[in-house]
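Biologist: Mind walking me through this one? I'd like to go element by element and hear the reasoning behind each answer.

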Amino acid sequence: MIRSALVLLVILIAYWLMLSGYLHNPVLLILGAISIFIVLGLSVRMKIIDAETAPYINVMALGYFVWLFVEIIKANMAVVKAVLSPNMEISPKTTKVPMKQSTDLGRVTFANSITLTPGTIAVEIGDDKILVHALLSEMTAASGFAEMGKRAGKAVGDPMLDNLEQDKAPKGKS
Amino acid sequence: MNAELLQWIQFSVSAIFLVGGVFFVIAGAVGVLRLPDFYTRMHAAGMTDTLGAEMILLGLIVQAGLSQTSLKLTLIAFLLFLTSPTATHAVVGAAHHAKLKPKLGKYRAPVPGEVPPVKIAPKPKLKAKPKARTKKKAK
């Protein structure tokens, strides 16, 4: 909680400086500091500071985004090739992909990553499954989704359901 | 002399990114026109706002150099990275809720000049509504 508040403080300062660019005007700097502390105080009072306050601000998430960007480039090539070829041989398919994330943030990250990768779109999100529409049926390989899910969970520090089940085996899904 | 060379490199790198981005945006537009149904078209539209927009932004970042503008552009790129899949998912999810059936299975582009086989839909059965209306009118 305190860590999240500190992270929010740092982000707000960086954001204010980035958007305003006033580094040498003391009056404006003081006004900026006041507004930052007002925002921080309001969010503490509203009790909205939790793990979701500043998502994706860690080294793991940065690595994940780099990996995701490479995947996006690969998938883009496949879709461009399919779309621009004169025959345009596509094979649309829908599949249900198991979702092993336990937190909302992990689920959003996984579903967003699926949609970001061209050729696959998350259509509907259920309790433990995502309905995915794919442009080419080769793109629906279960292993690819499993790897993406694992990496997405790791990036936001998500305790995956598999691990949770191992911890409390008799209870099952929490 | 050296600075001029550096500027030239900066310009050409940004030009490569911009041209690449424009290529992906145009390919996305062509895809939206060519693909057969709503769901597959969303794939092409998604391509426009991932690599297309990101590459154009990257080109602009290189063009801006190390400055406040490039930081702002990075922020925009990050924002697009998070919001564009959300928007795509919202549109596709709305279509799914409206019970729009996706075309599945293999598809090939129709050959120009060749008449595609037309499926004749069975005639819809007429409902007995008009009768009820006349009765009501008679009353």
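Biologist: How are α2(B) and α3(B) oriented to each other, roughly parallel or roughly antiparallel?

Modeller: Keep in mind that this is a predicted model. The axes of α2(B) and α3(B), the latter covering residues 68-97, come within 9 Å and cross at roughly 175 degrees. Anything over 145 degrees counts as roughly antiparallel. Therefore α2(B) and α3(B) are, relative to each other, roughly antiparallel.

Biologist: And what does the contact of α2(B) with α3(B) look like by residue class?

Modeller: On the α2(B) side, the residues include Phe38(B), Met42(B), Leu57(B) and Ile61(B), and they meet a set in α3(B) with Leu73(B), Leu80(B) and Val92(B) among them. Asp49(B) and Glu54(B) of α2(B) take part too. The split for this contact is 15 nonpolar, seven polar and two charged.

Biologist: Now the other helix pair in chain B: which hand does the crossing of α1(B) and α2(B) have?

Modeller: Helix α1(B) spans residues 2-34 and α2(B) spans residues 38-64; their axes come within 8 Å and cross at roughly 165 degrees. That angle makes α1(B) roughly antiparallel to α2(B). By class, their contact has 15 nonpolar, ten polar and one charged residues. As for the hand of the crossing, it's left-handed.

Biologist: Over to chain A, then. What is the strand order in the open sheet?

Modeller: Let's build it from the pairs. β1(A), residues 93-98, pairs with β3(A), residues 129-134, in the antiparallel sense over six bridges, and Val97(A) has Ile130(A) as its bridge partner. β2(A), residues 120-125, also pairs with β3(A) in the antiparallel sense, over five bridges, with Ala122(A) standing opposite Val132(A). The order is β1-β3-β2.

Biologist: Which strands of that sheet are the edge strands?

Modeller: Neighbouring strands of the sheet are turned by 30 degrees against each other on average, ignoring direction. An edge strand here is one that pairs on one side only, and that picks out β1 and β2 of chain A.

Biologist: How many residues are in the hairpin that joins β2(A) to β3(A)?

Modeller: These two strands pair in the antiparallel sense. The hairpin joins β2(A) to β3(A) through three residues.

Biologist: How far apart are the C-alpha centres of domain 1 and domain 2 of chain A?

Modeller: The domain assignment puts domain 1 at 2-45 and domain 2 at 59-164. Between their C-alpha centres, the separation is 35 Å.

Biologist: Last one: which element gives the most to the side of chain A that touches chain B?

Modeller: The contact takes 31 residues from chain A and 33 residues from chain B. On chain A, the elements giving two or more residues are α1 (2-20), α3 (59-84), β1, α4 (104-116) and β2. By class, that side of chain A has 19 nonpolar, nine polar and three charged residues. With seven residues, the element that gives the most is α3(A).

Terms used: Residues numbered from 1 in each chain as written. Chains lettered and ligands numbered in written order. Predicted model: local features only at pLDDT ≥ 70, side-chain atom pairs only at ≥ 80, totals over all residues. Axes fitted to C-alpha atoms, helices over the stretch in contact; angles between N-to-C directions. Helix = DSSP H or I, 4+ residues; strand = E, 2+ residues; numbered from the N terminus. Parallel < 35°, antiparallel > 145°, perpendicular 65-115°, else oblique. Left-handed = near helix turned anticlockwise from the far one by under 90°. Nonpolar A, V, L, I, M, F, W, Y, C, P; charged D, E, K, R; others polar. Domains from an automatic or database assignment. Pairing = 2+ DSSP bridges. Contact = placed C-beta atoms within 7 Å.
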